[in-house]
4 protein chains.
Amino acid sequence: MQTRSPAGRAGRPRSAAADAAILAATREALVELGWSKLTLGDVATRAGVAKTTLYRRWAGKNELVVDAVAELFDELELPDRGSLAADIEGVVLQFAAILALPEAKSGLMAVVAEATRDEALRERIRASVVDRQKRLVLEGRARAQARGELPPEPDPRSAARTVDLIFDMVAGAVVHRTLVSAEPADEEWVRGFTRVLLQGLGT
Amino acid sequence: MQTRSPAGRAGRPRSAAADAAILAATREALVELGWSKLTLGDVATRAGVAKTTLYRRWAGKNELVVDAVAELFDELELPDRGSLAADIEGVVLQFAAILALPEAKSGLMAVVAEATRDEALRERIRASVVDRQKRLVLEGRARAQARGELPPEPDPRSAARTVDLIFDMVAGAVVHRTLVSAEPADEEWVRGFTRVLLQGLGT
Amino acid sequence: MQTRSPAGRAGRPRSAAADAAILAATREALVELGWSKLTLGDVATRAGVAKTTLYRRWAGKNELVVDAVAELFDELELPDRGSLAADIEGVVLQFAAILALPEAKSGLMAVVAEATRDEALRERIRASVVDRQKRLVLEGRARAQARGELPPEPDPRSAARTVDLIFDMVAGAVVHRTLVSAEPADEEWVRGFTRVLLQGLGT
Amino acid sequence: MQTRSPAGRAGRPRSAAADAAILAATREALVELGWSKLTLGDVATRAGVAKTTLYRRWAGKNELVVDAVAELFDELELPDRGSLAADIEGVVLQFAAILALPEAKSGLMAVVAEATRDEALRERIRASVVDRQKRLVLEGRARAQARGELPPEPDPRSAARTVDLIFDMVAGAVVHRTLVSAEPADEEWVRGFTRVLLQGLGT
DNA sequence: CACTAAGCGAGACGGTACGTCTAGTCTTGGC
DNA sequence: GCCAAGACTAGACGTACCGTCTCGCTTAGTG
């Protein structure tokens, strides 16, 4: 995440504790204030750190929040519930639970909005959040194929396209349900959604 | 001491032209600057209007941008292409085209992000954007039922649930594809998505 | 100051009343808010008059306040207490009492300050306030000469110079005592001041 | 995380140059614009300083102008011209010369006007301007006593009262002559005034 | 084991935008 | 035609953050 001194460079090393304190303070501030009222000065104060220290490590609010939010999604896991449908339902519910957290809601959409005009930020989001969770789709398909619920993919190109489509559909639907429609993505809704998705994919 | 206004009639009326100029200037500024660098002072200047005039009509940046962006979606129409699949593909492509506009991209996600902490704003978005476009789903279903592609809905409650689910899935997938995955929602993608959706819905 | 309503036509009943109401409202606002926080909009509201009406009659805050304050000084009178010293003490005490009013304090010095850069305003102050009260000095001298306390003035030019000097010394000392030193110009102080003044003038 | 600051030592120190630049810019702006059109933003720009820097050091326009004007009076000196009358004439002429400066005229009366409603400001004026110049009266009396022109003061209480009275009379008369009557306090006038004053004081 | 380069907390700095306020003008409709 | 009501342009207000820049100090590694 940060440069570990590129070799045996001289000088005082950066405090590792500071990084963690800053990211935690960022999430705390997101909960209390939301994206637009979050200020880096306030984050620094909460973390017990000077503003300079914060700017030495992150270029700005956007990058900081991406990192703070990305950590939240790392705890997602594909549960083994015995069937593809049940596995999907499980992971979608986990995803919905994270999105229901105020620190995720407030921060995620805001950085996505910023990313519409900032290629580097878009890349950072993709690397820190999107691609890291696409593994779940891949694992799910592999497990379903092992179970015989899905046939092996003959064409790797179209296989990748399908992964992207599924990811857009799952993440998009949950996000839209949660943030725009502002209705909970609860078990009943997830069941209905999963049914449509799997039937649509031809299983 | 003259007339006591019979019912809010007295005084110079608000300029109707100003409203249109302000919303147009807002979209122009969104294109050039994006959400985060858009300032109300700049919008006022572009619109040839004083800042006070702007604040007299809108409470802040959020409300202004919701109105400015909402107008973009009013041009959506359900085309009659002869089949349900073709109709959906048509309207989804229109939706994707609007979302590809920088003024929509920049503004929409940002206000959604703000809305996570602002119930009134969420309601405004729902009223100005979401509910106004839900008509497309309803029209599409009615037309498909007239054509005999879909059976009439027996239970109105579950019918409403299905409309909501479809809306979340369509809007969510297109938004996620466009803004998060940052890939174009082109004809090929729309065809694939529509196939999965319709097959999932059991038609 | 304003036109009287021509009797035959459908009426303008408020013209004359408005002037008085506005000047009274101005003094009231001076008391409550002081010069710097007094606004013409507020004065208009207090007077039950539209801002337009106010601007039709006065060019701005300065002119309005000069007129409002000038009225206060019109009640000054030279009392006949039997001796020059007693007459002076009496009128100086009256002057001090007016200057102790918040509406006079706040307004007078402020317009004098403005007048340092505005010849027309300076002239208006001179006409409305200074010259109108210089009569007191003239009357006092005439009365003292009638009493034989002062010799008749041989040279009218030097007589005018003396009047001006006395006026500057009296008004200046009372104003400075009241506003800058912020001590009351009470009977004891006035007695001391008058003694020095008269002795200085060689009586 | 690091050093506990020993006692208000930490942080970047305030720029000493900024203070001088701001006060000079204030006087410059007073000359060009006068009190009422002077804006703190403009002063900051002239001083090559950010508005925040200005507000960090002064509470507002009033306090700033008091300090800016007070410096003007610091150059007053009691000249030694050999006699009490000549000394007084000398210092009054100096005082009149300063009051003739547009930056003094514009600013001084305005802050005095403001001070009528602001005890703290009145105190600041007294401390920065009035009391600092009262020394001139004290020095003048001491010198005159040394010369034998004045008897030693037996009662310190009445001595203080006399100093205050003299100060009010001198400052008041010059200010009134200069700002209200708007006539120059030239040598001739000063000579006449001084004669009356000294004769009044019984010398 | 002293040097020294980078890190650190604190807080002042030049900027920019905020949302509010007031000035002075203009535009309605009612009397 | 004059009035009250109130919208209009213009621009200053004082505040809040931004991201940068001193300060005086701390802290490892290396020389």
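Okay, quick definition before we start: when I say a residue is near a strand, I'm saying one of its heavy atoms lies within 4 Å of that strand. And keep in mind that this is a predicted model.

So, DNA strand E. Of the strand E atoms within 4 Å of the protein, 65% belong to sugar or phosphate, and the rest to bases. On the protein side, 46 residues surround strand E, and the closest are Thr53(A), Arg56(A), Tyr55(B), Arg56(D) and Arg57(D). What does that surface look like by class? We've got 20 polar, 14 nonpolar and 12 charged residues.

Which helices supply at least two residues each? H3 (51–57) does in chain A, in chain B, in chain C and in chain D, and H2 (40–47) does in chains B and C.

Let's look at some individual contacts. Tyr55(B) has a side-chain N or O atom 2.6 Å from a phosphate oxygen of strand E. Ser15(D) also goes to a phosphate oxygen, but with a backbone N or O atom, at 3.0 Å. For a base, look at Lys51(B): a polar side-chain atom there sits 2.9 Å from a base oxygen of strand E.

Now over to helix H4 of chain A, residues 61–73. Its 13 residues reach 19 Å from first C-alpha to last, close to the 18 Å expected. Is H4(A) mostly covered or mostly open? Covered: 11 of the 13 residues are buried, among them Leu64(A), Val65(A), Val66(A) and Phe73(A), but also Glu63(A) and Asp67(A). And what's doing the covering? That includes H1, H2, H3, H5, H6 and H7 of chain A.

Conventions:
Residues are numbered from 1 along each chain as its sequence is written. Chains are lettered from A and ligands numbered from 1 in the order in which they are written. This is a predicted model: local features need pLDDT of at least 70, side-chain atom pairs count only at pLDDT 80 or more; totals for chains, interfaces and linings use all residues. Side-chain values use heavy atoms; hydrogens and water are left out. A polar contact is a pair of N or O atoms within 3.5 Å; within protein, one must be able to donate a hydrogen and the other to accept it, and residues adjacent in sequence count only if both atoms are side-chain atoms. Helices (H or I, at least four residues) and strands (E, at least two) are DSSP runs, numbered from the N terminus. Ala, Val, Leu, Ile, Met, Phe, Trp, Tyr, Cys and Pro count as nonpolar, Asp, Glu, Lys and Arg as charged, and the others, Gly among them, as polar. The expected span of a helix is 1.5 Å times one less than its number of residues. Buried means under 20% relative accessible area, exposed over 50%, partly exposed in between (1.4 Å probe, protein chains only). Contact means heavy atoms within 4.5 Å.
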